[in-house]
Amino acid sequence: MSLDGLVDVARGVISREIFVNESIYRQELEQVFGRAWLFIGHESQIPKPGDFQASFMGEESVILCRDRGGKIHVFLNSCRHRGMKVCRYDDGNTTEFLCPYHGWSYGTDGALVGVPFAKDAYGEQLDRSRWGLIEVAQMENYKGTIWATWDRDAPPFLDYLGGYKLYFDLLLDAWDGREGGTEVIGGIHKWLIPCNWKFPAENFSGDRYHGVSHRSVDMVGIGPSGKGRRDMQERNEARWLDVTFPDLGHSMIAFLRKHDSPIAPAYQDAPAVADYFRRCEEERTRRRGELWRLFGGPGTVFPNASPLARQPRTLAVWHPRGPHQTECWRIYLVDADAPPEVKDFLRHYYIRYSGPSGLTEQDDMENWNYAHAASRGTVARQHPYNYEMGLGRATESFEDHGLKLPGRIADVTVANASENNQRGFYTRWRQFMEAKSWADLKR
Ligand code: FES
Ligand SMILES: [Fe+2]
């Protein structure tokens, strides 16, 4: 299907069809989810040999697994004989995946190891080496997060991240500025919502504009210090930057503190926690130089993985389930070596804030669900959405007191918001939908 007239990023006009149309959705599964690097899980969720966890790539069930030798794999969760799911558990530890239909079994390295009545039924015919579990074309362990793609021609993961790495690292690096050093705390929140997957993906990419939705959580004060939704000081003192990479599709809401700002006191009602974060921020200043000033917020790694790089630190995935439904998964990250009382403090905050039980995300779901429902009708879908906010007001050469930041950046400190990031997301989305292969996408 041609996207002419449906996605006009230059004018800030996007048709509702791309959210509700069945054939556009099927094209997305092939051309976006069949090609892009997708988030699978975190290595801390499968620490021991034989550990596995079920996950998804688009609509397809996959198994994230650490084999008996310790190597991590991502397999299609489908038996090579007749397609039965070989793993029907959310997670666990195993020596093999035994297909319940006819009993073929696969090692944790994917090899076909067991075939009932093999000699009599197949004789010499069956070449087991050709019938192991289907493995992804490429996999990457990036600072503990596991990513995979079905496309052999996709660029290496670090090229896929490109300049966005600087911002994405704000989620994965330890709070004191050390590289990596985060782990998952608790399980995975999983829930279904009746809207297209792009609603949450574009919201997280940079929707600062929807503050009115969260007025009640701000007033209730679910933040760590009981004031507002978060501890706001560093945010209130900072420059507000909406950062996008239109030719990659990744975006983030970022905050840049003034070059002479003092370290912001935080979590003052919990002295042990306040102490931990103060020490971390002092270290961070020492380790990161001028970049200590950069803080992250919500973002989206194209297409459907959304970091929230400040407290609460989370990574959400928006798994497509048809044009009209999304299966949301969310994990929570903490510094692996933080003291137990800090982890526990954050765990409680995460529960209050995010996921289906969290007060903030409930507000968002209400909007996405009703917006989707109200966009499906034959009349409604004839009228496009408006993405004009802040058009033409972004720079590719942002600099503040000698600190240069990559990306197309809209400084919204005064304006409060722009749709710079959403336009970046749909620029790349359109490229994926129109490109014939990765050769066209690597420009
Ligand atoms: S479908 Fe798995 S053994 Fe037949
Ligand atoms: Fe929100």
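Trainee: What does Lys-143 count as, with 16 C-beta neighbours inside 10 Å?
Mentor: Take the cut-offs before the verdict. A residue is buried if 20 or more other C-beta atoms, placed from the backbone, lie within 10 Å of its own, exposed if 12 or fewer, and partly exposed in between. Lys-143 has 16 such neighbours, so it counts as partly exposed.

Trainee: What kind of model is this?
Mentor: Residues are numbered from 1 along each chain as its sequence is written, while chains are lettered from A and ligands numbered from 1 in the order in which they are written. Local features need pLDDT of at least 70, side-chain atom pairs count only at pLDDT 80 or more, and totals for chains, interfaces and linings use all residues, since this model is predicted.

Trainee: Where is the place of Lys-143?
Mentor: Start with its backbone: phi is positive, about 50°, although Lys-143 is not a glycine. Most residues other than glycine have a negative phi. Strands are DSSP runs (E, at least two residues), numbered from the N terminus. Lys-143 sits in the loop between β11 and β12.

Trainee: How many bridges join β11 to β12?
Mentor: The two strands run antiparallel. Gln-138 stands opposite Thr-149 in β12. Pairing needs at least two bridges found by DSSP. Here the number of bridges is 5.

Trainee: What is the order of the open sheet of 3 strands?
Mentor: Pairing in this sheet is antiparallel. Its edge strands, β3 (38-42) and β11 (138-142), each pair on one side only. The order is β3-β12-β11.

Trainee: Which other residue has a positive phi, of about 45°, although it is not a glycine?
Mentor: Look in the loop between β22 (398-400) and β23 (403-405). The residue there is exposed, with 10 other C-beta atoms within 10 Å. It is His-401.

Trainee: Which proline follows Phe-302 through a cis peptide bond?
Mentor: Most peptide bonds are trans. This one is cis, with omega near 0°. The proline lies in the loop between β17 (294-300) and β18 (305-308). It is Pro-303.

Trainee: Which proline follows Gln-311 through a cis peptide bond?
Mentor: Omega is near -5°. The loop runs between β18 and β19 (314-320). The proline is Pro-312.

Trainee: How far apart do the C-alpha centres of domain 1 and domain 2 lie?
Mentor: The bounds, from an automatic or database domain assignment, are 38-138 for domain 1 and 162-441 for domain 2. In contact (C-beta atoms, placed from the backbone, within 7 Å) are 7 residues of domain 1 and 9 residues of domain 2. The centres lie apart by 34 Å.

Methods: Contact = placed C-beta atoms within 7 Å. Helix = DSSP H or I, 4+ residues; strand = E, 2+ residues; numbered from the N terminus.
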